[in-house]
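Please describe how this protein is organised, with attention to its domains, its ligand surroundings and its nonpolar core.

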Amino acid sequence: MSNTGLEFSWSFSAAMEFEACPRRRYWARYAAPLGRGAEAPTLYRRARQLNRLQSLAACLGTAVDRAVTGWIAAGRRGETLVYEEGYGRAAAHLNQVWRASKSGAWRDSPSGRDAGLCEHYYGRWDPAAEQAAVAEGKRRVEACLRDFLARVWPGLAAVPAAAEVPVAAMGSGRGPLEQFMYQGLRIYAIPDYVYRGGGEVVIVDWKSGGPRPEEHARQLGVYGLWARHRPDLAELPARGVLEYLAHGKQIAVPLGADVLAGIEAWIEESVAGMAAYLEEGDWRRNRPVPREEWDLAADPDVCGGCRFYELCRPELERNA
Ligand code: SF4
């Protein structure tokens, strides 16, 4: 165990965070958990607070997801899906985050769960840029939701309720998040939607941002491994479907044995990279090396959108 008392675990998003910047992983996974409580050292408390910042793009994705999840539940109750209802759910989420972010109220959120936007916190928008971002965000949410209703939902609506595979996602009320063990390592993998059909398991993931097929195919590959480790799905061949809602585009992702073997190799490589920043390279003990030894982002452009910029700024400026 680490000095945070946390188990080392792996997920696709953790791998992406680490690939972008090892130091970001340090702040999020090792410093922030130590920042709980007024007596915690200031640096850790700052890391904990900044860890609740998110980008507008991430916030838009969550808003779209809330709308779609609500629609699927309504569809299963036999209700007709209404665009305005879905949009209302998305807008409610966006408005809540926006208000808390703009006013700074997210910092004092009693539950510590409210998020702020990086763009507000770091003053990355002037008034014109903020207005343009709002207009573009609204346009994107509308495009995603209209595409889901017109192009994706008809296919999902035809899936019998009994063929749906329940997925324990954050806030789903279905218990611990979806996960599996691989070589003693806990891996979290939470697909958007899964069903059985035609003798196979179909794993669907929707995206509100731009197509990044290679990266997203890896994500679905991790979900393919999750299906292979889940007793009720293990016997079925799997295939993946990426739905790019803002672009009205679907991409099929093969998840055969050769693909999954490649994903396993990638996970092992990713874990080895993370373990290189742990004492004795031992992820089971999960004790981080000192902060200064965690490399900063190789691409300085990455820092421009990072929630932890404030903590790295002195070092980045020294290195400039
Ligand atoms: S500010 Fe840059 S170096 Fe620091 S955590 Fe973020 S991406 Fe990494």
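The report below treats the overall fold, then the domains and their contact, then the ligand shell, and finally the core.

The coordinates belong to a predicted model, in which the protein has 10 helices and nine strands. Its radius of gyration is 21 Å, close to the 20 Å that the globule rule gives for 320 residues, so the protein is as compact as a globular protein of that length. Along the principal axes, the C-alpha trace spans about 55 × 50 × 35 Å, and 29% of the 320 residues count as buried. When contacts between residues at least 6 apart in sequence are considered, 62% of them join residues at least 24 apart.

The domain assignment divides the protein into domain 1, covering 16-159 + 296-319, and domain 2, covering 161-269. The centres of domain 1 and domain 2, taken over C-alpha atoms, are separated by 22 Å, and the contact takes 15 residues from domain 1 and 13 residues from domain 2. On the side of domain 1 that touches domain 2, at least two residues come from each of α4 (56-76) and α7 (127-157), with α7 giving the most, namely eight residues.

The ligand is surrounded by residues that include Cys21, Arg23, Arg24 and Trp27, together with Leu296, Ala297, Val302, Cys303, Cys306, Phe308, Tyr309 and Cys312. Two helices, α2 (22-31) and α10 (309-319), each supply at least two residues of this shell, and α2 gives the most, with three residues.

The residue classes of the ligand shell and of the side of domain 1 that touches domain 2 are set out below.

| Set of residues | Nonpolar | Polar | Charged |
|---|---|---|---|
| Side of domain 1 that touches domain 2 | 10 residues | one residue | four residues |
| Shell around the ligand | 10 residues | no residues | two residues |

The largest nonpolar core holds 61 residues, among which Ala63, Val64 and Ile203 touch the most other members. Helix α4 gives the most to this core, with eight residues, and the core draws at least three residues from each of domain 1 and domain 2. For Ala63, once its neighbours within four places in sequence are left aside, the contacts are with Ala90, His93, Leu94 and Val141. Helix α4 thus appears in two of these descriptions, as a supplier of at least two residues to the side of domain 1 that touches domain 2 and as the element that gives the most to the largest nonpolar core.

Conventions
Residues numbered from 1 in each chain as written. Predicted model: local features only at pLDDT ≥ 70, side-chain atom pairs only at ≥ 80, totals over all residues. Domains from an automatic or database assignment. Contact = placed C-beta atoms within 7 Å. Helix = DSSP H or I, 4+ residues; strand = E, 2+ residues; numbered from the N terminus. Nonpolar A, V, L, I, M, F, W, Y, C, P; charged D, E, K, R; others polar. Near = placed C-beta within 6 Å. Core = buried A, V, L, I, M, F, W, Y, C linked by C-beta atoms within 7 Å. Buried ≥ 20, exposed ≤ 12 C-beta atoms within 10 Å, placed from the backbone. Rg over C-alpha atoms; globule rule 2.2 N^0.38 Å.
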